[in-house]
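Take a look at the sequence and the 3D structure below. Then follow the walk through it, one stop at a time.

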Amino acid sequence: MHENESAPRERVLIAGGSSGMGLALAGALLEDGAEVTIVGRSEARLAEARRRLPDTGRLRACAADITCEDEVAGLFGQSGPLDHIAVTAADIEGAYQLLPALELTAVRRAIDSKLVGPLLLAKHGAAVLAPRGSITFTSGIAAYRPTARGAAVAAVNGALAALVRALAVELGPVRVNAVSPGWVDTPIWTYVAGEAKDAMLGAMAERLPVGRVGRAEEIADAIRFLMGNGFVTGTVLHVEGGHRLV
Ligand SMILES: NC(=O)c1ccc[n+]([C@@H]2O[C@H](COP(=O)([O-])OP(=O)(O)OC[C@H]3O[C@@H](n4cnc5c(N)ncnc54)[C@H](OP(=O)(O)O)[C@@H]3O)[C@@H](O)[C@H]2O)c1
């Protein structure tokens, strides 16, 4: 996707676009010339994202909770036709915890934000997507290289892989994929590690074959590939610096 005066502008909705990977994706797509709608729950976070993104006149911000079906339906009522939907939203506060301390409320928030929300976005968004459009979800390394404390997130990420395969069949020719990031330095680490964030990311950087953790822009780049390649569907694209190998 490159800015081209004669080509129609791509219209993309990013649930989770106010932070981390979604924010990086919004920035890259705006540079490509796309019309971008970012979605998150917090108006303040959306306003801060607006300040950080280029002022192109092609950016909209909508406050909505993707775990609420009425709010998801409302989003597409306002959005008009779209080419792509990307979902990077996740609420995993408290979800990285050993048993038996793991709280059911945190498990349900993780399931609702990472699995049910994406399903609702597909349910209500498919009707406004272009036939050659796409939906991209975000899974994660927790499912593929599990660790203690990560059972709930591993289960959700693994279920997402099954969801993309099923939706790719059901919604075709619309393509449905997921990107599966490894460890990437984003604000989500506040919930995962708190003050241990820098030490944990540093130790992981030393373990990984690439010698560093990921950047949000690298995940955004992979999502743009999944949006743009018309022959990829039902796939999980791993972008993790070799994490599954170590
Ligand atoms: N960073 C990593 O190392 C890593 C590794 C593996 C997988 N992942 C996965 O990658 C994805 C993106 O993570 P990130 O690091 O970019 O996270 P992030 O910086 O915390 O951003 C999460 C975004 O989701 C939004 N959000 C959360 N719950 C929502 C809801 N119910 N409805 C609407 N928006 C909601 C947040 O805004 P509000 O809070 O304002 O709603 C925020 O914009 C997630 O699925 C995460 O699990 C991340």
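What follows moves from the ligand to a pocket, then to a salt bridge and some unusual backbone spots. Keep in mind that this is a predicted model.

Start at the ligand. How many residues surround the ligand? There are 29 of them. The closest are S18, S19, R41, V184 and T186. What kinds of residue make up this shell? By class, eleven are nonpolar, 13 are polar and five are charged.

Now look at the backbone around the ligand. At V184, a backbone N or O atom sits 2.8 Å from a ligand oxygen atom. G16 offers a backbone N or O atom too, and this one lies 3.3 Å from an oxygen atom of the ligand. I66 meets another kind of ligand atom: a polar backbone atom of I66 is 3.0 Å from a nitrogen of the ligand. These pairs count as polar contacts because their N or O atoms lie within 3.5 Å of each other. How much of the ligand does the protein cover? On its own, the ligand has 900 Å² of accessible area, and the protein covers 95% of that.

Next, find the second largest pocket. Its volume is about 250 Å³. The lining of this pocket has 14 residues, and those closest to its centre are S19, G20, L23, A24 and R52. S19 also belongs to the residues closest to the ligand. Which elements give two or more residues to the lining? They are α1 (20-32), α2 (43-52) and α8 (216-228). Of the elements, α2 gives the most, with four residues. By class, the lining divides into five nonpolar, four polar and five charged residues.

Stay with helix α2 for a moment. Here the side chains of E48 and R51 meet in a salt bridge, with N and O 3.0 Å apart. Both residues lie in α2. They are three residues apart, which is about one turn of the helix. How many salt bridges does the model have? The count comes to eleven.

Finally, follow the backbone through some loops. Most residues other than glycine have a negative phi, and most peptide bonds are trans. Where does this model depart from that pattern? One place is the peptide bond from L99 to P100, which is cis, with omega near 5°. P100 sits in the loop between β4 (82-87) and α4 (104-125). Another cis peptide bond runs from G172 to P173, with omega near 10°. P173 is in the loop between α5 (151-171) and β6 (175-181). R149 departs in its phi angle: it is not a glycine, yet its phi is positive, at about 85°. Look for R149 in the loop between β5 (129-138) and α5.

Note on methods: Residues are numbered from 1 along each chain as its sequence is written. This is a predicted model: local features need pLDDT of at least 70, side-chain atom pairs count only at pLDDT 80 or more; totals for chains, interfaces and linings use all residues. Side-chain values use heavy atoms; hydrogens and water are left out. A residue is near a molecule or strand if one of its heavy atoms lies within 4 Å of it. A polar contact is a pair of N or O atoms within 3.5 Å; within protein, one must be able to donate a hydrogen and the other to accept it, and residues adjacent in sequence count only if both atoms are side-chain atoms. Accessible areas come from the Shrake-Rupley method with a 1.4 Å probe; for residues, only the protein chains shown count as cover. Ala, Val, Leu, Ile, Met, Phe, Trp, Tyr, Cys and Pro count as nonpolar, Asp, Glu, Lys and Arg as charged, and the others, Gly among them, as polar. On a 1 Å grid over the protein atoms alone, a cavity is a set of points where a 1.4 Å probe fits but cannot get out, and a pocket is an open set with protein on both sides within 12 Å along at least five of seven lines; lining residues have an atom within 4 Å of a point. Grid points are joined across faces, edges and corners, and a volume is the space filled by probe spheres set on the points. A salt bridge is a side-chain nitrogen of Lys or Arg within 4 Å of a carboxyl oxygen of Asp or Glu.
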